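Biologist: I would like to go through this structure with you. May I put some questions to you as we look at it?

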Amino acid sequence: MRHAYSVETVRNAEKALMARLPEGALMQRAAAGLAVACGDLLRRNGRVYGSRVLLLVGSGDNGGDTLYAGARLARRGAGVRALLTTPDKVHRPALDTLLAAGGQVLDTPDGLGPVDLVVDGITGIGGRGGLRPAAAELVRAVTAGHAPVLAVDLPSGVEADTGQVLGAAVRADATVTFGTYKPGLLIDPAAERAGALRLVDIGLAAELPPRPDLEALQYADVAALLPEPDAESDKYRRGVVGVAAGSERYPGAAVLAVAGALRGGAGAVRYAGPGADAVIARFPETLVHPGPPSKAGRVQAWVVGPGLGDGTQAAGAVSDVLAADVPVLVDADGLRLMDMAAVRARTSATVLTPHAGEAAALLGVEREEVEAGRLAAVRELAERYRATVLLKGSTTLVAERGDTPVRVNPTGTPWLATAGSGDVLSGLTGSLLAAGLAPRDAASVGAYLHGLAARRTSDGAPVTAQDVADSVPAAWRDVRA
């Protein structure tokens with residue numbers, strides 16, 4: 001599990017740790033890890049000795065980490081030069097160490113020449129509001145030659161706590177962060193600027209609280225949560241999921257939601273709606289009923305919404321499902337048709353799975369506001385609707401009410417931006433709810449397998465939603481292995 005903590009929490013932990021260490025020891029630990037990461041990047045394209053390294057150095061500890069790391073590289077034979085964005089506020093002992101090791105300070109980037117690595121140490125985790133104009137122009141000038149950029153702690157200009165990018169910001173190929181991950185490294189749009197992540201252990205773990213602000217499941221976490229049938233299992237004990245989806249206009253949504261449910265391990269799928277013929281033609285094992293959902297038979301969870309369209313039958317299906325005393329997942333048209341009071345009044349679990357546009361409609365704001373502040377949006381939705389919320393997007397987030405950490409899915413891929421992909425995710429997550437997973441776990445595991453299936457299938461090529469559904473069992477096996 002990857003854990004991320006807010007800036008305030010990290011600062012408090014660093015303060016507690018520094019009180020027990022010799023002065024400057026924490027910065028030296030960070031600089032040592034940063035220098036190793038720089039060396040690894042340089043060796044990929046050559047070697048450290050004789051390489052040309054440019055440091056972009058701001059004020060405070062972040063600049064100090066960068067300068068001390070530069071000194072270590074200089075002692076290994078690298079040509080290290082530094083551009084100081086705030087010369088009057090530079091970390092003086094670190095600068096003196098760089099100069100003593102043979103490093104140089106440049107006044108301007110003019111005549112810089114070829115560079116093998118740019119190290120971004122302009123702002124630290126406390127930076128707010130994007131880069132200042134002069135710093136932004138400096139970044140543009142020194143990265144025009146396409147040298148790899150390594151960010152120190154996080155790309156300068158992004159918001160560490162929220163993942164927002166409120167102005168000009170560095171786009172890094174890799175980021176070295178210290179002690180723990182920060183939310184902005186895991187949440188887009190900031191995460192997309194961080195590149196490959198590397199965590200340097202500086203001894204901070206013992207000072208951090210047990211509950212992080214954000215967490216990301218890894219293979220072992222997902223494997224531990226996956227339901228597995230035993231010798232006594234039958235199709236009902238494995239979980240029966242109901243699917244109320246599709247319409248005469250959108251029969252494919254019903255097929256894809258059922259596909260996700262079947263590939264997600266459901267013992268049986270009951271379909272209720274007007275798309276029965278299309279569903280049976282593709283999946284003859286499905287138990288079908290014309291509706292309403294409450295007459296379809298016993299289920300352990302419901303999925304409602306994909307492709308329902310408008311009209312009284314669609315609205316009735318959503319209302320009928322929300323009245324059921326089992327976990328319910330609401331997606332797509334169901335999000336528009338559901339009654340907020342009915343959702344809030346439910347005693348069984350509810351999972352909402354909006355994309356940014358749907359989330360904006362539910363919150364009464366513009367889509368751009370949701371996309372710029374995904375973490376705040378998913379938390380607000382969970383509180384407002386008293387539900388578990390899976391906010392789909394380039395980084396899918398899962399939140400529930402209270403102080404439980406928000407989960408971010410690490411397996412997302414742009415290839416999932418294809419028609420019907422969300423229908424598959426709904427069915428897949430519904431099957432996990434029916435199998436007995438807690439709503440937060442079902443949503444997190446569903447998103448993880450969904451992204452993994454798309455990556456496994458696409459291999460850099462376009463995929464369809466059905467391709468993703470068909471690859472879910474293989475993704476399941478990959479996690480188990």
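Biologist: Which residues of helix 12 are buried?

Modeller: This is a predicted model, so every answer here describes a prediction. In helix 12, the buried residues are A356, E358, A359, A360, L362 and L363.

Biologist: And what does that say about helix 12 as a whole?

Modeller: Helix 12 covers residues 356-363, and 6 of its 8 residues are buried, so the helix is largely enclosed by the rest of the structure.

Biologist: What do the buried residues of helix 12 pack against?

Modeller: They pack against three helices, namely helix 10 (333-337), helix 13 (367-372) and helix 14 (374-385), and against strand 16.

Biologist: Which residue follows helix 12?

Modeller: G364 follows helix 12, and its phi is positive, near 75 degrees.

Biologist: You mentioned strand 16. Are its faces covered or open?

Modeller: Both faces of strand 16 are covered. T388 and L390 lie on one side, V389 and L391 on the other, and all four are buried.

Biologist: Which strands pair with strand 16, and in what sense?

Modeller: Strand 15 pairs with strand 16 in the parallel sense over 2 bridges, with V351 opposite T388. Strand 17 (residues 397-399) pairs with strand 16 in the antiparallel sense over 3 bridges, and there L390 has V398 as its bridge partner.

Biologist: How many residues lie between the strands in the hairpin of strand 16 and strand 17?

Modeller: There are 5 residues between them, and in this hairpin G393 takes a positive phi near 160 degrees.

Biologist: What is the order of the strands in the sheet of 11 strands?

Modeller: The order is 1-9-18-17-16-15-14-13-10-11-12, in an open sheet with mixed pairing. Strand 1 (2-4) and strand 12 (287-289) stand at the edges with a single partner strand each, so one side of each has no neighbour in the sheet. On average, neighbouring strands of this sheet are turned by 20 degrees against each other, direction ignored.

Biologist: How is strand 12 joined to strand 11?

Modeller: Strand 11 (residues 268-272) runs parallel to strand 12, and 3 bridges join the two. A272 stands opposite H289 in strand 12.

Biologist: Which strands does helix 15 touch?

Modeller: Helix 15 (residues 421-434) packs on the sheet and touches strand 10 (240-244), strand 13 (301-304), strand 14 (328-330), strand 15 (350-352) and strand 16 (388-391). The direction of helix 15 makes about 165 degrees with that of strand 13.

Biologist: Turning to the sheet of 7 strands, is its pairing parallel or mixed?

Modeller: The pairing is parallel; the sheet is open, in the order 4-3-2-5-6-7-8. Strand 4 (104-106) and strand 8 (196-200) are at the edges, each with a single partner strand, so one side of each lacks a neighbour in the sheet. The twist averages 25 degrees from one strand to the next.

Biologist: Why is strand 2 described as largely enclosed?

Modeller: Strand 2 (residues 52-57) is largely enclosed by the rest of the structure because 5 of its 6 residues are buried. Strand 3 (residues 79-84) runs parallel to strand 2 and is joined to it by 6 bridges, including the pairing of V57 with L84.

Biologist: Through which helix does the chain cross from strand 2 to strand 3?

Modeller: The chain passes through helix 3 (residues 60-75), and this β-α-β crossover is right-handed.

Note on methods: Residues are numbered from 1 along each chain as its sequence is written. This is a predicted model: local features need pLDDT of at least 70, side-chain atom pairs count only at pLDDT 80 or more; totals for chains, interfaces and linings use all residues. Side-chain values use heavy atoms; hydrogens and water are left out. Buried means under 20% relative accessible area, exposed over 50%, partly exposed in between (1.4 Å probe, protein chains only). Two strands pair if DSSP finds at least two bridges between them. A crossover is right-handed if, with the strands pointing away from the viewer, the path from the first strand over the helix to the second runs clockwise. Axes are lines fitted to C-alpha atoms, for helices over the stretch in contact, and angles run from 0 to 180 degrees between N-to-C directions. Contact means heavy atoms within 4.5 Å.
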